[in-house]
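Q: How should I read the features of a model one by one? Please give the general idea, then the case here.

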Amino acid sequence: GDSAGMLAAVEQAATGITAAGKTLVSFGGDHFVTLPLLRGHAKTHGPLALIHFDAHTDSYEDGGDYNHGCMFHRAPREGLVDASRSVQVGIRTDYERSGHEFAVIDAHRANDQPVADTVAAICDRVGSHPAYLTFDIDCLDPAYAPGTGTPVVGGLSTSRVLQILQGIADLN
């Protein structure tokens, strides 16, 4: 119930791990946990390219202080993320109104174009910049992840996502 305390504790733990030269992999939890993780990573690596797989942009400014729909509104404004090097993949909710500068490869495009084109678009956007990858399970079509809390039809298949992840594995 202590959201502010959780944010501080996660940020401190992430900073300690990344400052020690380690790679941090985290699983589970509300996607809002990405904000303190980004804060910890940015303290070590500076502003990051964001590679974000999701059905939603999570960049809405009306999310309040502790909300899983606002962390990518906050992250660029806090200097944690370089929006000009960031990309969101699998989006299938209205993103024109969210006011962000991230490139978007929506689910229709990611599903219709060859995987190599999606990989190339991500790699071109990110370049050699240090990147933070985050994956929300609802990027997948509900047929592949029926237990997600916010299902949106038309998502990516597990095979397509795996191929994309394998294709970007050498990014920084």
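**Accessibility and cysteines**

A: Cys-123 is partly exposed, with 24% of relative accessible area. The classes are buried (under 20% relative accessible area), exposed (over 50%) and partly exposed in between, with a 1.4 Å probe and protein chains only. This is a predicted model, so local features need pLDDT of at least 70 and side-chain atom pairs pLDDT 80 or more, while totals for chains, interfaces and linings use all residues. Residues are numbered from 1 along each chain as its sequence is written, and side-chain values use heavy atoms, without hydrogens and water.

Q: How many disulfides does a search of the whole structure find?

A: A disulfide is a pair of cysteine sulfur atoms within 2.5 Å. The search of the whole structure returns zero.

Q: Why does the sulfur of Cys-123 have no bond to the closest cysteine sulfur?

A: The closest cysteine sulfur to that of Cys-123 belongs to Cys-139 and is 16 Å away, which is too far for a bond. Seen from the other end, the sulfur of Cys-139 has Cys-123 as the closest cysteine partner, again at 16 Å and too far. Their surroundings can be read from accessibility: Cys-139 is buried at 0% relative accessible area, whereas Cys-123 is partly exposed at 24%.

Q: How many salt bridges are found in the whole structure?

A: A salt bridge needs a side-chain nitrogen of Lys or Arg within 4 Å of a carboxyl oxygen of Asp or Glu. The search gives three in the whole structure.

Q: Which side chain does Glu-11 meet in a salt bridge?

A: Glu-11 pairs with Lys-43, at 2.7 Å from N to O. Glu-11 belongs to helix H1 (residues 3–19) and Lys-43 to helix H2 (residues 34–45), so the bridge ties together parts of the chain that are 32 residues apart in sequence. Helices (DSSP H or I, at least four residues) and strands (E, at least two) are DSSP runs numbered from the N terminus.

Q: Are the two ends of that pair buried or exposed?

A: Glu-11 counts as buried, because its relative accessibility is 15%. Lys-43 counts as exposed at 57%.

Q: Where does the salt bridge of Arg-39 lead?

A: The side chain of Arg-39 meets that of Glu-78, at 2.8 Å from N to O. This pair also joins distant parts of the chain: Arg-39 is in helix H2, and Glu-78 is in the loop between helix H3 (71–77) and strand S2 (87–89), 39 residues apart. Arg-39 is buried at 17% relative accessibility, and Glu-78 is partly exposed at 36%.

Q: What is the N to O distance in the salt bridge of Asp-82 and Arg-85?

A: The distance is 3.9 Å. Asp-82 is partly exposed, with a relative accessible area of 23%. Arg-85 falls in the partly exposed class as well, at 30%.

Q: Turning to the interior, which residues of the largest nonpolar core touch the most other members?

A: A nonpolar core is a set of buried Ala, Val, Leu, Ile, Met, Phe, Trp, Tyr and Cys residues joined through side-chain atoms within 4.5 Å. The largest one here has 19 residues, and those touching the most other members are Ile-51, Phe-53, Val-89, Ile-122, Leu-156 and Ile-164.

Q: Which elements supply at least two residues of this core?

A: Two strands do so, S1 (49–53) and S2, together with the helices H4 (107–112), H5 (115–126) and H6 (158–167). H5 gives the most to the core, with four residues.

Q: How are sequence separation and distance in space read together, and what separates His-45 from His-56?

A: Take the two values side by side. His-45 and His-56 are eleven residues apart along the chain, and their C-alpha atoms are 26 Å apart. His-45 lies in helix H2 and is partly exposed, at 42% relative accessibility.

Q: How far apart in space are Gln-163 and Thr-118?

A: Their C-alpha atoms are 9.9 Å apart, although 45 residues separate them in sequence. Gln-163 lies in helix H6, and its relative accessibility of 39% makes it partly exposed.

Q: What separates the C-alpha atoms of Gln-88 and Asp-54?

A: They are 7.2 Å apart in space and 34 residues apart along the chain. Gln-88 is placed in strand S2 and counts as buried, at 0% relative accessibility.
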